[in-house]
Amino acid sequence: MRQCHKLFTKTWCHVGMGKFHRAHQVRCLDKLQQLNKKHNDWKIKGVGLHRVDKQVWNHFKNQKFLYTLEEKTNTSSNVHFIKSVQDMIYVPDEPKRINEL
């Protein structure tokens with residue numbers, strides 16, 4: 001069983017890196033990593049298929065896939081520095097990179 005564990009990487013692939021995914025799903029991983037440091041080696045690789053994904057890829061590539069997320073309520077506001085996204089592949093430009101996943 002121990003050797004089997006070495007076959008798995010701690011990266012997950014998400015098709016589409018839209019606002020919902022970045023605001024909710026990536027934030028959940030970020031929060032988990034803050035609560036338990038043993039999960040800090042988990043990263044997300046985004047996969048873009050549509051023209052709008054190319055814009056997201058260009059934007060985030062220039063920031064090394066780092067971004068801030070602001071959570072607001074009626075009474076407070078919190079800003080989080082998100083660093084869980086490792087990379088993004090825009091498939092129409094680099095179709096062979098999908099094999100990296």
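# Exercises on a predicted fold

In strand E4, Val79 is the residue that bridges to Glu70. That pair makes a good starting point for the exercises below, all of which concern a predicted model.

**Exercise 1. Work out how strands E3 and E4 are joined, and in which sense they run.**

Step 1. Begin with the extents: E3 covers residues 67-72 and E4 covers residues 77-82.

Step 2. Look at the direction. The two strands run antiparallel, and six bridges join them. The pairing of Glu70 with Val79 belongs here.

Step 3. Follow the chain from one strand to the other. The connection is a hairpin, and four residues lead from E3 to E4.

**Exercise 2. List the elements of the chain and place them in sequence.**

Step 1. Count by kind: there are three helices and five strands.

Step 2. Read from the N terminus, and the order is α-β-α-β-α-β-β-β.

Step 3. Add the overall dimensions. Along the principal axes, the C-alpha atoms fill a box of roughly 45 × 40 × 20 Å. The chain has 101 residues, 33% of them buried.

Step 4. Check how far apart in sequence the contacts reach. Taking contacts between residues at least 6 apart, 64% join residues at least 24 apart.

**Exercise 3. Describe the open sheet: its strand order, its edges and its twist.**

Step 1. Three strands take part, in the order E1-E2-E5, with parallel pairing.

Step 2. Find the edges. Strand E1 (11-15) and strand E5 (85-90) each pair on one side only, which makes them the edge strands.

Step 3. Going from one strand to the next, the twist averages 20°.

Step 4. Zoom in on one pairing. Strand E2 (residues 43-48) meets E5 in the parallel sense over five bridges. Gly46 has Met88 of E5 as its bridge partner.

Step 5. Now add a helix. H3 (residues 51-61) lies across E2 and E5, and runs at about 140° to E5.

**Exercise 4. Which aromatic rings pair up, and with what geometry?**

Step 1. A search of the whole structure turns up two aromatic pairs.

Step 2. Take the tryptophans. Trp12 and Trp42 form a tilted pair, with 6.2 Å from centre to centre and 50° between the planes. Trp12 sits in strand E1 and Trp42 in the loop between helix H2 (19-35) and E2, so this pair ties together parts that are 30 residues apart in sequence.

Step 3. Turn to the other pair. Phe60 and Tyr67 have ring centres 5.4 Å apart; their planes stand at 70°, so the pair is edge-to-face.

Step 4. Compare the surroundings. Trp12 is partly exposed at 30% relative accessible area, and Trp42 is partly exposed at 29%, whereas Phe60 and Tyr67 are both buried.

**Exercise 5. Decide whether Cys13 and Cys28 are bonded to each other or free of disulfides.**

Step 1. Recall the cut-off: a disulfide needs two cysteine sulfur atoms within 2.5 Å.

Step 2. Apply it. For Cys13, the nearest cysteine sulfur is that of Cys28, 18 Å away, and Cys13 is in no disulfide. Cys28 is likewise in no disulfide. The count comes to zero disulfides.

Step 3. Note the exposure of each residue. Cys13 is partly exposed, at 38% relative accessibility, while Cys28 is exposed, at 55%.

**Exercise 6. Is His21 buried or exposed, and which residues does His21 touch?**

Step 1. Locate the residue: His21 belongs to helix H2.

Step 2. Its relative accessible area is 3%, so His21 is buried.

Step 3. Leave out residues up to four places away in sequence, and the contacts of His21 are His14, Gly16, Val26 and Ile44.

**Exercise 7. Compare Lys64 and Phe65 in backbone angle and in exposure.**

Step 1. Keep the background in mind: most residues other than glycine have a negative phi.

Step 2. Check the angles. Lys64 has a positive phi of about 55°, and Phe65 also has a positive phi, near 65°.

Step 3. Place them on the chain. Lys64 is in the loop between H3 and E3, and so is Phe65.

Step 4. Look at the side of exposure. Lys64 is exposed, with a relative accessible area of 67%, whereas Phe65 counts as buried at 9%.

Terms used: Residues numbered from 1 in each chain as written. Predicted model: local features only at pLDDT ≥ 70, side-chain atom pairs only at ≥ 80, totals over all residues. Heavy atoms only, no water. Pairing = 2+ DSSP bridges. Axes fitted to C-alpha atoms, helices over the stretch in contact; angles between N-to-C directions. Contact = heavy atoms within 4.5 Å. Buried < 20%, exposed > 50% of the residue type's maximum accessible area, 1.4 Å probe, protein only. Phe/Tyr/Trp six-rings, centres within 6.5 Å; stacked < 30°, edge-to-face > 60°.
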